[in-house]
Amino acid sequence: MTCTNTIACHGRSRRHLVSVYTVIVASIVILALVAPGASAAPRRGKMTSRQSDREFRLRRTDCLQTTECSNLVGASQSMCMYKCVSDVCFNEVYAHDELEEGEVDIDRSKHFSSCFRRQHRAELAKQAEIARKERRR
């Protein structure tokens, strides 16, 4: 469809731009109102998970390099590493049925990671409580 009257054509495109502009502004306002409330709570949990994951990697590396686990291979090394990282979580997840050579159990690995995160969060909370008590003195 061609427009022969340039004034009418510009008026129509201007109305279109105004409606697009209105939709964009409304979207930004809605996002600004909704986004802070939606992202504030998960952010803290995500940071704790990142800290816990970092701590898990550090402990795993330390266990595999400096303990008796460094001389083992395969499933026995994995079991040693899990026990070294967290004895409590090892007993909860693997003690009753240890991994066999060549076995990969993703569900129990996720369960161990979840247990470790809970344990690490509890350790961080305990440290924070001790620090609060120290400041009160």
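What is the handedness of the link of Cys-63 and Cys-84 about the S-S bond? I would like to begin there, and I should say at once that what we are looking at is a predicted model. With -80° about the S-S bond, that link is left-handed, and the two sulfur atoms lie 2.0 Å apart. Cys-63 sits in helix α1 and Cys-84 in helix α2, so the disulfide ties together parts of the chain that are 21 residues apart in sequence. The two ends differ in their surroundings, since Cys-63 counts as buried at 3% relative accessibility, whereas Cys-84, with a relative accessible area of 34%, is partly exposed.

A search of the whole structure finds three disulfides, and I will take the other two in turn. Cys-69 is joined to Cys-80, with 1.9 Å from S to S, and this link is left-handed too, with -80° about the S-S bond. Here Cys-69 comes from the loop between α1 and α2 while Cys-80 belongs to helix α2, so the parts tied together are 11 residues apart in sequence. Cys-69 is buried, with a relative accessible area of 0%, and Cys-80 is also buried, with a value of 14%.

The remaining disulfide is formed by Cys-89 and Cys-115, whose sulfur atoms are 2.1 Å apart, and with -85° about the S-S bond it is again left-handed. This pair links distant parts of the chain, namely Cys-89 in helix α3 and Cys-115 in helix α4, 26 residues apart. Both ends are buried, Cys-89 with a relative accessible area of 0% and Cys-115 with one of 4%.

Cys-89 leads us to a residue that I would not want to pass over, which is Ser-86, in the loop between α2 and α3. A polar atom of the Ser-86 side chain lies 3.1 Å from the backbone nitrogen of Cys-89. Ser-86 counts as buried because its relative accessibility is 2%, and the limit for that class is under 20%. If we leave aside neighbours within four places in sequence, Ser-86 is in contact with Phe-112, Phe-116 and Gln-119.

Let me turn to the nonpolar interior. The largest nonpolar core has 15 residues, and those with the most contacts inside it are Phe-56, Met-79, Tyr-82, Val-85, Phe-90, Tyr-94 and Phe-112. Two or more residues of this core come from each of α1 (6–66), α2 (74–85), α3 (87–93) and α4 (106–136), with α2 giving the most, five residues.

Which residues form one aromatic cluster? They are Phe-56, Tyr-82, Phe-90, Tyr-94, Phe-112 and Phe-116. Across the whole structure, the search finds six aromatic pairs. One of these is the pair of Tyr-94 and Phe-112, which is tilted, with 6.1 Å from centre to centre and 45° between the planes. Tyr-94 lies in the loop between α3 and α4 and Phe-112 in helix α4, so this pair ties together parts that are 18 residues apart in sequence. Tyr-94 and Phe-112 are both buried. Beyond its neighbours within four places in sequence, Tyr-94 is in contact with Met-79, Tyr-82, Cys-89, Leu-99, Asp-105, Arg-108, Ser-109 and Phe-112, a list that includes Cys-89, one end of the disulfide with Cys-115.

Notes: Residues numbered from 1 in each chain as written. Predicted model: local features only at pLDDT ≥ 70, side-chain atom pairs only at ≥ 80, totals over all residues. Heavy atoms only, no water. Core = buried A, V, L, I, M, F, W, Y, C linked by side-chain atoms within 4.5 Å. Buried < 20%, exposed > 50% of the residue type's maximum accessible area, 1.4 Å probe, protein only. Helix = DSSP H or I, 4+ residues; strand = E, 2+ residues; numbered from the N terminus. Contact = heavy atoms within 4.5 Å. Phe/Tyr/Trp six-rings, centres within 6.5 Å; stacked < 30°, edge-to-face > 60°. Polar contact = N/O pair within 3.5 Å; in protein donor to acceptor, adjacent residues only side chain to side chain. Disulfide = S-S within 2.5 Å.
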